[in-house]
Amino acid sequence: MSAVASIEVKGWCPGALRPMLSGDGLIVRIRPFCGAFSLEQARGLADLARRLGNGHIDLTRRANLQLRGLVEERLPELHAALGKLDLIDPDAETEATRNLMVAPLAGLDPVEKRDVRPIARAIAEGLATDKRLRALPAKFGLLVDGAGTVSIAAERADIALLAIDAGITLGLDTPAGTQWLGAVSPDAAAAAALLAARAFLDAAGPATRLRMRSLPADGVAQVVATLMPMLRPCEVARSTAGRMLGALGAAVGVAAPFGRLEAEQLRRLSSLAEESGATELRLSPWRTVYFGARDAAAARQAVEAARFVGLIVDTDDPLLKIEACPGAPDCKSSSVDARGDARQLAALASAHGYDGSIHVSGCAKGCARSAPSELVLVGKAGRYRLVRNATTRGPVERIIGTDEFPALFEGSRDG
């Protein structure tokens, strides 16, 4: 069996060492170490996307970056280049386990309760060295947040750590969201998170594809019982912070339309970040990129430069209200141009004053968004299944074509 044939299996996320075949070639996912790429690494990835791929780069919901359009014959060249950039793991199993999101302004945010990067580094080291954790499901993920201006604490992760006044609180994902169990000292936080991962494996059993939120009640109770001796009661305020763009004091946040960067955009973004005084680019689960600046004036200047490059710098930009996967022809599972149609929907929604969430998916897998949206369009045989207030697998109201898009927003301005 060829290497390409062996990587067509679905139900997992691609990696640098285990690419996934799509409609435009192989997809290679690059996981940043602790949420950040150095500017040298970012420029190197832009060059690899241009030389070895089709120039398209996707930012993912798991705060990773994907190169598209690669071919099997040039994978050795890719791996050698990633090795020189210090962006490759020793094996595919280690790579697949390293699913860790870190608050994108960690260490840069003056209002954060704690710089959580040391905790994230300790977790990353534990995930890489504890061979038992390689049995974790492919999409099992952890999150570390400092409770700052740009917080990712409201995002879903199987195990979450959040800085609070009393230390670090640990939470587990449930069908209703994160359940915060109790607090530990910052020095014990990484050990507690890794213990939670091992406790999950004990509860789920071998070769599991379950996630923390899908454990049966007795399994959850087993995980909690393992953790409770380490934890003390605490109060946790629900985070309302999230994606913010533009100048953020001495930091900058920018977004790519539907998470798609071109190689030249990434190269230019790296250059303007360096001119602003930054040393790295930070990724986030909102398909946005953050970087520091020497001062507020440099941040404002970088925002205008990013706008010129074609990036989104306004939090209220209409394109940010829509989630859309690449669609056809990039993805062979899709029969519709999801992102092209999403642009049309964004213009219509803005013109009609529609302020609800929209998800355009090339197929029922819903790769761009797993949470429900108010308006969902799911590609099928060149048309769309219309779903409301659900995920892509919700009940279908009817089948529509792109010519019926305007009717979806009639009466929106008046409520």
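Leaving aside its neighbours within four places in sequence, which residues is Ser373 in contact with? This tour of a predicted model begins with that selection.

**Stop 1: Ser373**

Select Ser373, which is found in strand E18 (residues 373-380). Now add Ser357, Ile358, His359, Arg388, Asn389 and Ala390 to the selection; these are the residues in contact with Ser373 once neighbours within four places in sequence are set aside. Ser373 has a relative accessible area of 3%, and is therefore buried.

**Stop 2: the aromatic pairs**

Turn next to the aromatic rings, where the structure holds three aromatic pairs. One of them is formed by Phe140 and Phe200, whose ring centres are 4.8 Å apart; the planes stand at 45°, so this pair is tilted. Show the surrounding elements as well: Phe140 lies in the loop between helix H5 (117-129) and strand E7 (142-145), and Phe200 lies in helix H6 (residues 186-204). The pair therefore ties together parts that are 60 residues apart in sequence.

Are these two residues buried or exposed? Phe140 has a relative accessibility of 1% and counts as buried, because the limit for that class is under 20%. Phe200 is buried too, with a relative accessible area of 0%.

Now select Tyr354 and Phe409, which also form an aromatic pair. Their centres are 5.3 Å apart and their planes are at 70°, an arrangement classed as edge-to-face. Tyr354 is placed in the loop between helix H10 (338-351) and strand E17 (358-361), while Phe409 belongs to the segment after strand E20 (396-400), so the pair ties together parts that are 55 residues apart in sequence. Phe409 is buried, and its relative accessible area is 0%.

**Stop 3: Met212**

Select Met212, in the loop between H6 and helix H7 (217-227). Which residues does Met212 touch, not counting residues up to four places away in sequence? They are Phe140, Asp158, Ile159, Leu172, Asp173, Ala196, Phe200 and Val220. Both members of the tilted pair from the previous stop, Phe140 and Phe200, are thus found in this list. Met212 is buried, with a relative accessible area of 3%. For a distance to display, choose the C-alpha atoms of Met212 and Ala196: they are separated by 9.9 Å, and the two residues are 16 apart along the chain.

**Stop 4: a charge over a ring**

Select Arg98 and Phe33. The charged end of Arg98 sits over the ring of Phe33, at 3.7 Å from the ring centre.

**Stop 5: backbone details**

Continue to Cys34, in the loop between strand E2 (25-30) and strand E3 (36-38). Cys34 has a positive phi of about 60°, although it is not a glycine. Ala63 likewise is not a glycine and has a positive phi of about 60°. Look for Ala63 in the loop between strand E4 (56-59) and strand E5 (65-70); with a relative accessibility of 6%, it counts as buried.

A further backbone feature is the peptide bond from Ala328 to Pro329, which is cis, with omega near 5°. Pro329 is located in the loop between strand E16 (322-324) and H10.

**Stop 6: two helix contacts**

Select helix H2 (residues 39-52) and helix H3 (residues 75-84), which pack at an angle of about 170° with their axes 11 Å apart. H2 and H3 are therefore roughly antiparallel to each other, because angles over 145 degrees fall in that class. Display the side chains at the contact: Leu45, Leu48, Arg51 and Leu52 in H2 meet Glu77, Leu78, Ala81 and Leu82 in H3. These residues comprise six nonpolar, no polar and two charged.

Then select helix H8 (residues 263-275) and helix H9 (residues 296-309), whose axes come within 10 Å and cross at roughly 170°. H8 is therefore roughly antiparallel to H9. On the H8 side the contact is made by Gln265, Arg268 and Leu272, and on the H9 side by Ala302, Ala305, Ala306, Phe308 and Val309. By class, six residues of this contact are nonpolar, one is polar and one is charged.

**Stop 7: Asp165**

Finish at Asp165, in the loop between strand E8 (159-164) and strand E9 (167-174). Is Asp165 buried or exposed? Its relative accessible area is 72%, so Asp165 is exposed. As a last distance, the C-alpha atoms of Asp165 and Val236 are separated by 9.3 Å, with the residues 71 apart along the chain.

Notes. Residues are numbered from 1 along each chain as its sequence is written. This is a predicted model: local features need pLDDT of at least 70, side-chain atom pairs count only at pLDDT 80 or more; totals for chains, interfaces and linings use all residues. Side-chain values use heavy atoms; hydrogens and water are left out. Rings of Phe, Tyr and Trp (its six-membered ring) pair if their centres lie within 6.5 Å; planes under 30 degrees apart count as stacked, over 60 as edge-to-face and the rest as tilted. Helices (H or I, at least four residues) and strands (E, at least two) are DSSP runs, numbered from the N terminus. Buried means under 20% relative accessible area, exposed over 50%, partly exposed in between (1.4 Å probe, protein chains only). A charge sits over a ring if NZ of Lys or CZ of Arg is within 6 Å of the ring centre and within 35 degrees of the ring normal. Axes are lines fitted to C-alpha atoms, for helices over the stretch in contact, and angles run from 0 to 180 degrees between N-to-C directions. Angles under 35 degrees count as roughly parallel, over 145 as roughly antiparallel, 65 to 115 as roughly perpendicular and the rest as oblique. Contact means heavy atoms within 4.5 Å. Ala, Val, Leu, Ile, Met, Phe, Trp, Tyr, Cys and Pro count as nonpolar, Asp, Glu, Lys and Arg as charged, and the others, Gly among them, as polar.
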